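Reader: I'd like a close look at one part of this model, namely how its helices pack on each other and on the sheet next to them. Please walk me through the contacts and the geometry, and spell out your cut-offs as you go.

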Amino acid sequence: MIPLEEAREHVLSRVGTLPARQVPLDEALGLVLAEPVTSSEPIPAFANTAMDGYALRAADTVGAPVELEVVGTIGAGDDGSLHVGEAQAARIMTGAPIPPGADAVVKVELTSPAGGPGDRVRVEASVKAGNHIRHPGEDVAAGEQVLDAGTVVTPGRVGLLAAVGAYEVAAHGRPRVGVLSTGDELADTPGPLRRGQIRDTNRRTLLSMVAEAGFEGVDLGIAPDRPDDISRAFEAGAADCDAVLSSGGVSMGDFDYVKVVLDRIGDMRWMQIAIKPAKPFAFGLVDGTPVFGLPGNPVSSMVSFELLAKPGLRAMAGHGADDLGPALVRAVCGDELGHRSDGKTHFVRVAATRDERGVLRVVRSGGQGSHQLAAMTRADALAVVPDGARLGVGDPVDVIVL
């Protein structure tokens, strides 16, 4: 058996980063920037008000309360050409430009209509110059680099990119990931199963995990146990996709057509990793396309995806070494999670809750068999239990949140 880190490093050493391309901003969410983004203009581009109120000269509010002549109204989107002179004020709405002559804004709550002829306002408090004014470049200066290469585009960053006018960005592609199942025993139908058949759960599960991770899943279907069909399926997936995931046929010592085919058409490494579940794993290249061979048991395939395939796919998408995952979170055992020494790190399926102090507590979510998919769906996390560790109630434990 080999350590998990050795298997992961092997994957990361052989996957490449997808090339950069120009991407419309509306399609950039979740992608990794390939080039830095610089603002060509200041944000805000002009002085504007942070409040609804009155734009005026701060000097005219000395000795408040005072009454001022209202010379007009300025709304958001106006050009701000209205001039404010001595003893004058202009109604102004949030985001509207500060008019020439004004150097402060009094919020509307500190004003009231004044009596007498004409349109006048009573200002109840004195203010200093600059009050409630957003100055040009206060958020971003012209020429400032706002996002580095390697930055993941989040919803907030989409807004920032729009604010600086970056309606296209250079970003690494979103990997297209083909997902293939093989085996004559697999059925993909709601009807009754014949004896010896099982429903194909892995393909749908893995396609869902691919989508949840932010990649584009491609359903490669089910290939029957015939070498020519399996070969065509892998070669078609390698030609059409950036990576291929398959499940089953990776256990050491098993005679399996998947092994026979991949050894013939690809450059594969077949591994036994010192973990449970997900001990068997294969990785290699078919026509230059990464192929991840995951175990056939449903829980094992999910854990293998989380620990090995997902970090490799994130590397392909341009994520940095510190952002490949999986991330560990410290929790506390709510029951015993230990196991006897067998040379493996165990990834125990656990349900996680926070207690009244905000401490994350984990307990087994049910059966730990690699075939027990229902118990896996009740898990919120995988507890990382080192070989032979005896973790009791109250002991700290690292977990991978699912």
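Author: Let's start with the contact between H4 and H5, where Pro227, Ile230, Ser231, Phe234 and Glu235 of H4 meet Tyr257, Val258, Val261, Leu262, Arg264 and Ile265 of H5. Contact here means heavy atoms within 4.5 Å, and the helices (H or I, at least four residues) and strands (E, at least two) are DSSP runs numbered from the N terminus. Sorted by class, this contact has eight nonpolar, one polar and two charged residues; Ala, Val, Leu, Ile, Met, Phe, Trp, Tyr, Cys and Pro count as nonpolar, Asp, Glu, Lys and Arg as charged, and the others, Gly among them, as polar.

A word on the basis: this is a predicted model, in which local features need pLDDT of at least 70 and side-chain atom pairs count only at pLDDT 80 or more, while totals for chains, interfaces and linings use all residues. Residues are numbered from 1 along each chain as its sequence is written, and side-chain values use heavy atoms, with hydrogens and water left out.

Now the geometry. The axes of H4 (residues 227-240) and H5 (residues 257-265) come within 9 Å and cross at roughly 55°. H4 is therefore oblique to H5, given that angles under 35 degrees count as roughly parallel, over 145 as roughly antiparallel, 65 to 115 as roughly perpendicular and the rest as oblique. Axes are lines fitted to C-alpha atoms, for helices over the stretch in contact, and angles run from 0 to 180 degrees between N-to-C directions. The H4 and H5 crossing is right-handed: the near helix is turned clockwise from the far one by less than a right angle, whereas anticlockwise would make it left-handed.

Next comes the sheet. It is open, with six strands in the order S16-S13-S17-S21-S20-S18 and mixed pairing; two strands pair if DSSP finds at least two bridges between them. S16 (216-223) and S18 (267-272) are its edge strands, each pairing on one side only. Direction ignored, neighbouring strands here are turned by 20° against each other on average. Within the sheet, S20 (residues 280-286) and S21 (residues 289-294) run antiparallel and are joined by five bridges, with Phe283 opposite Phe292 in S21. H4 packs on this sheet, touching S13 (176-182), S16, S17 (243-247), S20 and S21, and its direction makes about 170° with that of S16.

H6 also belongs in this picture, lying across S13, S17, S20 and S21 and running at about 165° to S21. One of its residues deserves a stop: Ser304, in H6 (residues 298-316). Ser304 counts as buried because its relative accessibility is 0%; buried means under 20% relative accessible area, exposed over 50%, partly exposed in between (1.4 Å probe, protein chains only). Leaving aside residues up to four places away in sequence, Ser304 touches Ala278, Phe281, Leu294, Pro295 and Ala309.

H6 has a helix partner too. H1 (residues 4-14) packs with H6 at about 30°, their axes 9 Å apart, which means H1 is roughly parallel to H6. The crossing of H1 and H6 is right-handed. H1 contributes Leu4, Ala7, Arg8, Val11 and Leu12, and H6 contributes Leu307, Leu308, Pro311, Gly312 and Ala315. By class, that contact has eight nonpolar, one polar and one charged residues.
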